[in-house]
Amino acid sequence: MGLLTFSLNVTLDGCVDHQEGIADDETHAYFTDLMDGGGAMLWGRVTYEMMESYWPAVARGDVQAPAALRECAVKLEAKPKYVVSSTRTQFPWTNSHHIAGDLREGVQQLKDATPDGVLLGSGLLATELDRLDLIDEYRLLVHPRIVGHGPTLYQGGLPSTRRLELISAQPLRNGAVAMHYRRAR
């Protein structure tokens, strides 16, 4: 069984708005390496649609992009992508699959079938999966910014505190810190 790893950009004040992080070659290389280590991606519908609207065009070369961004896009194109949605059933982006029905069962089956692990990249979906006790690790890229608005990490709350064990903390040259935590069970 693979691990379910929640990974996201977050500012010091907890904002997870994708436009507020540092989007440079170093950040893209970090997420490309993280993606390389996993067997599949997992998103909610909103995140999938945001990603689908940009990354395939970069992978095809339809959008001007630096080498690090293009490398990330090409690898993302090839990676299996799983989407949780109750409102959409068709996901035409290459290697995209729908998880329907019982959320706990569907995600557990995905974990069981993916020995290299699943990388979760949706904040709202992470809250639901954390409530179901399905997240094993957290790989947050903490950006040196205070933005004063949301959406914020876990703004919907959790039923109890999550104790985490620090695995590593790696500062990037751009001032962000890659934090790796594992659930303390």
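**Figure 1. Ser7, a buried residue in strand 1.** With a relative accessibility of 6%, S7 falls under the 20% limit and therefore counts as buried. This view comes from a predicted model, as do all the views that follow. S7 belongs to strand 1, which covers residues 4-11. Look for the side chain of S7 and follow it to the backbone oxygen of R139, 2.9 Å away. R139 also appears among the residues that S7 touches, together with F31, L34, L119, L120 and G121; residues up to four places away in sequence are left out of this list.

**Figure 2. Ser122 and its polar partners.** Here we move to the loop that links strand 5 (118-120) with helix 6 (123-131), where S122 sits. S122 has a relative accessible area of 2%, so it is buried. Two polar contacts are worth finding in this view. In one, a polar atom of the S122 side chain lies 2.9 Å from the backbone nitrogen of G44. In the other, the side chains of S122 and T47 meet at 2.9 Å. G44 and T47 are also on the list of residues touched by S122, alongside F6, L8, L42 and W43, once residues up to four places away in sequence are set aside.

**Figure 3. Helix 6 and the residue after it.** Which residues of helix 6 are buried? They are L125, A126, T127, L129 and D130. Just past the end of helix 6 comes D133, and its phi is positive, near 60°.

**Figure 4. Leu103 in helix 5.** L103 is placed in helix 5, which spans residues 103-113. Not counting residues up to four places away in sequence, L103 touches V84, L125, E128, L129 and L132. Two of these partners, L125 and L129, are among the buried residues of helix 6. For a sense of distance, compare L103 with S85: they are 18 residues apart in sequence, and their C-alpha atoms are 9.7 Å apart in space.

**Figure 5. Asp25 in helix 1.** D25 is part of helix 1, residues 25-36. Is D25 buried or partly exposed? Its relative accessible area is 44%, so D25 is partly exposed. Beyond its neighbours within four places in sequence, D25 makes contact with P66 and A68. L69 is 44 residues away from D25 in sequence, yet the C-alpha atoms of the two are 6.9 Å apart.

**Figure 6. The largest pocket.** This view opens onto a pocket of about 1,300 Å³. Its lining takes in 49 residues, and those nearest the centre are L8, H18, T47, M50 and G121. T47 is familiar as a side-chain partner of S122, and G121 as a contact of S7. Several elements each give at least two residues to the lining: strand 1, helix 1, strand 2 (40-44), helix 2 (45-52), helix 4 (67-78), strand 5 and helix 6. Sorted by class, the lining has 25 nonpolar, 21 polar and three charged residues.

**Figure 7. The second largest pocket.** About 170 Å³ of space is found in this pocket. It is lined by 13 residues, with T5, G37, G38, D116 and E137 closest to its centre. Helix 1, strand 5 and strand 6 (137-143) are the elements that supply two or more lining residues. The lining of the second largest pocket is made up of five nonpolar, four polar and four charged residues.

**Figure 8. A single cavity.** How many cavities of 30 Å³ or more does the structure hold? There is one, and its volume is about 30 Å³. Around it you will find N9, V10, T11, C15, V16, D17, H18, E20 and G21. By class these are three nonpolar, four polar and two charged residues. H18 from this list is also one of the residues nearest the centre of the largest pocket.

**Figure 9. Stepping back to the whole chain.** The chain contains six helices and eight strands, in the order β-α-β-α-α-α-β-β-α-β-α-β-β-β from the N terminus. Its radius of gyration is 16 Å, close to the 16 Å from the globule rule for 185 residues, so the chain is as compact as a globular protein of that length. The C-alpha atoms fill a box of roughly 45 × 35 × 30 Å along the principal axes. Of the 185 residues, 47% are buried. Among contacts with a separation of 6 or more, 72% involve residues 24 or more positions apart.

Notes:
Residues numbered from 1 in each chain as written. Predicted model: local features only at pLDDT ≥ 70, side-chain atom pairs only at ≥ 80, totals over all residues. Heavy atoms only, no water. Helix = DSSP H or I, 4+ residues; strand = E, 2+ residues; numbered from the N terminus. Buried < 20%, exposed > 50% of the residue type's maximum accessible area, 1.4 Å probe, protein only. Polar contact = N/O pair within 3.5 Å; in protein donor to acceptor, adjacent residues only side chain to side chain. Contact = heavy atoms within 4.5 Å. 1 Å grid on protein atoms, 1.4 Å probe; cavity = no way out; pocket = protein on both sides within 12 Å on 5 of 7 lines; lining within 4 Å. Points joined across faces, edges and corners; volume = space filled by probe spheres on them. Nonpolar A, V, L, I, M, F, W, Y, C, P; charged D, E, K, R; others polar. Rg over C-alpha atoms; globule rule 2.2 N^0.38 Å.
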